[in-house]
Amino acid sequence: MSIAPARETELLASIPTGLLINGQWRDASDGGTFDVLDPATGEKLATLASATSEDAMAALDAADAVQGSWARTAPRERAEILRRGFEMVTARAEDFALLMSLEMGKPLPEARGEVTYGAEFLRWFSEETVRDYGRYLTTPEGKNKILVQTKPVGPCLLITPWNFPLAMATRKVAPAIAAGCTMVLKPAKLTPLTSQLFAAVMLEAGLPAGVLNVVSSASASKISGPLMQDDRLRKVSFTGSTAVGKMLMKAAADKVLRTSMELGGNAPFLVFEDADLDAAVEGAMAAKMRNMGEACTAANRFLVHESVAEEFTTKFAAAMGALKTGRGTDPETNVGPLIDSVARDDVHALVAAAIEAGATAVTGGAPIEGPGYFYAPTVLANVANDAAILGEEIFGPVAPVTTFRDEAHAIELANASEYGLASYIYTRDHNRLFRVAEQIEFGLVGFNAGVISNAAAPFGGVKQSGLGREGGAEGLSEYTTTQYIGIADPYAAL
């Protein structure tokens with residue numbers, strides 16, 4: 001059953017439209033605003049306050065003012081806030097799912113999946129909060145004692161992308177809360193509504209004023225620029241493009257800021273000759289079509305052994321061709337719109353160039369006419385190994401298929417990218433899995449699985465896909481700093 005327009009209107013009217021600074025929702029200092037659009041129609045959903053540099057500094061003022069007291073808050077108290085946040089987000093799952101579907105475009109079933117995934121970071125880090133261990137030991141020569149403790153790194157700037165509006169916020173906010181850090185959150189201007197609702201829920205969950213500040217803005221640089229030049233800011237966590245990540249890392253160097261960078265991807269999906277092809281197609285659908293392909297973990301290059309390439313491509317194209325595009329709130333929709341017209345045009349430019357170079361569109365291959373930013377699910381065959389579409393992050397529902405000769409060739413092709421985030425391997429041979437996994441340069445490897453992200457697992461890449469990890473025990477350490485205390489030998493006076 002489709003969502004009634006009145007329900008959409010009611011939900012949108014309940015979302016705070018101001019900036020959250022020191023526990024209060026307020027207008028931008030200059031009264032500026034920006035609109036949030038529905039990518040399925042191009043129509044306006046809401047108008048939010050657009051933070052200025054002055055507002056960003058006010059948010060940092062608030063975060064800095066409570067950093068000391070928040071760091072001293074008992075771990076159990078921080079854990080209970082996170083647990084209540086998990087329960088409240090879960091209780092409002094339908095609100096969050098509908099809001100994400102409206103502002104980002106993803107189908108409601110997929111949006112519900114993101115609520116489950118995103119909320120789990122709150123639960124996971126609520127449990128990790130009380131397990132931030134130090135250590136006490138004797139020096140090797142036995143003369144002194146070593147005491148090691150962890151401390152919150154301090155006020156953080158968290159910059160989230162538009163493609164996973166809830167999960168990218170919880171994946172950063174939850175470990176920061178667990179570690180005892182205060183935050184300034186800058187959501188993506190294309191999908192800020194979910195972060196607004198999430199922040200309101202965390203206040204209801206008992207998060208003290210000033211710990212989480214939200215400065216949605218039409219200008220990212222007006223927020224990050226002045227904050228990253230302020231000595232009080234201690235860390236920047238960013239998820240987005242490699243190009244922007246590099247600029248932020250350069251800016252962070254001036255103050256030697258701690259950084260976590262989750263950047264671009266160009267995931268290879270390797271299908272070996274012994275793979276279960278039906279399982280491989282199912283995994284390919286999951287790895288490619290999650291979020292309409294608008295995910296840094298999305299399978300971008302389908303590298304298939306030449307002996308099974310034709311069969312795999314035929315089955316894959318049939319599955320892709322059966323998908324139904326439409327507004328995410330339509331219960332029959334499998335594939336929502338791309339985020340905007342620029343994204344759709346960029347995807348089509350890559351497809352057109354590949355076809356001009358000799359590739360064949362087995363299914364799809366063109367934008368869908370009409371309102372919104374829709375693109376037909378596409379499978380390209382006979383793609384040359386040096387085609388431009390294999391070198392760039394597609395970020396859309398397009399799957400280029402190319403072939404390899406043997407295991408060594410597959411590894412060579414997989415590593416022929418400046419990126420190293422996610423990868424996928426389909427084979428029945430466990431020894432091959434370990435051989436290939438050890439030789440390919442990727443932070444994540446899916447073995448006969450198309451979706452592997454989990455709050456309990458470390459998420460992150462190598463090469464130009466970034467540095468640092470989110471999720472798992474590693475995710476908490478990104479928000480702490482280590483302090484060593486050398487203690488004189490307590491037995492020396494005896």
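According to an unreviewed UniProt entry, residues 25-484 form a domain annotated as "Aldehyde dehydrogenase". The structure described here is a predicted model. Within residues 25-484, helix accounts for 40% of the chain and strand for 20%. The C-alpha atoms at the two ends of this stretch lie 40 Å apart.

A good place to begin a tour is the residue that the record singles out. Glu-262 is listed by UniProt, again in an unreviewed entry, under "active site". In the model, Glu-262 belongs to strand β11, which spans residues 258-262. The relative accessibility of Glu-262 is 4%, and this residue therefore counts as buried, the limit being under 20%. Its surroundings draw on several parts of the chain. Beyond the neighbours within four places in sequence, Glu-262 is in contact with Arg-171, Phe-238, Thr-239, Gly-240, Cys-296, Leu-421, Phe-459, Ser-465 and Glu-470. With one of these partners, Arg-171, there is also a polar contact between side chains, at 3.3 Å.

Attention can now turn to the open space in the model. The largest pocket has a volume of about 1200 Å³. Its lining is made up of 47 residues, and those nearest the centre are Trp-162, Phe-238, Gly-240, Ser-241 and Val-244. Phe-238 and Gly-240 are also among the residues in contact with Glu-262. Several named elements contribute to the lining: α8 (220-228), β10 (235-239), α9 (242-255) and α12 (341-356) each provide at least two residues. Of the contributions, that of α9 is the largest, with 6 residues. Sorted by class, the lining of this pocket comprises 26 nonpolar, 13 polar and 8 charged residues.

Elsewhere in the chain, helix α4 (residues 93-104) contains Met-100. This methionine has a relative accessible area of 0% and so is buried. Setting aside residues within four places in sequence, the contacts of Met-100 are Gly-105, Lys-106, Ala-111, Glu-114, Val-115, Pro-165, Leu-166 and Thr-194. A different picture emerges for the pair Met-100 and Asn-144: 44 residues separate them along the chain, and their C-alpha atoms are 56 Å apart.

Three asparagines located in loops complete the description. Asn-415 sits in the loop that connects α13 (407-414) with β17 (419-420). With 18% relative accessibility, Asn-415 counts as buried, because the limit is under 20%. Residues up to four places away in sequence aside, Asn-415 touches Gln-439, Ile-440, Glu-441, Phe-442 and Lys-463. In the case of Glu-441, the backbone nitrogen is 2.9 Å from a polar atom of the Asn-415 side chain.

The other two asparagines have positive phi values. For Asn-291, phi is near 65°, a positive value in a residue other than glycine. Asn-291 occupies the loop between α10 (277-289) and β13 (299-305), and its relative accessible area of 0% makes it buried. Asn-382 likewise is not a glycine, yet its phi is positive, at about 55°. The loop in which Asn-382 is placed runs between β15 (378-381) and β16 (398-404). Is Asn-382 buried or exposed? With a relative accessible area of 58%, Asn-382 is exposed, whereas Asn-291 is buried.

Definitions and conventions. Residues numbered from 1 in each chain as written. Predicted model: local features only at pLDDT ≥ 70, side-chain atom pairs only at ≥ 80, totals over all residues. Heavy atoms only, no water. Helix = DSSP H or I, 4+ residues; strand = E, 2+ residues; numbered from the N terminus. Buried < 20%, exposed > 50% of the residue type's maximum accessible area, 1.4 Å probe, protein only. Polar contact = N/O pair within 3.5 Å; in protein donor to acceptor, adjacent residues only side chain to side chain. Contact = heavy atoms within 4.5 Å. 1 Å grid on protein atoms, 1.4 Å probe; cavity = no way out; pocket = protein on both sides within 12 Å on 5 of 7 lines; lining within 4 Å. Points joined across faces, edges and corners; volume = space filled by probe spheres on them. Nonpolar A, V, L, I, M, F, W, Y, C, P; charged D, E, K, R; others polar. UniProt positions renumbered as here; feature names shortened; annotations may be inferred.
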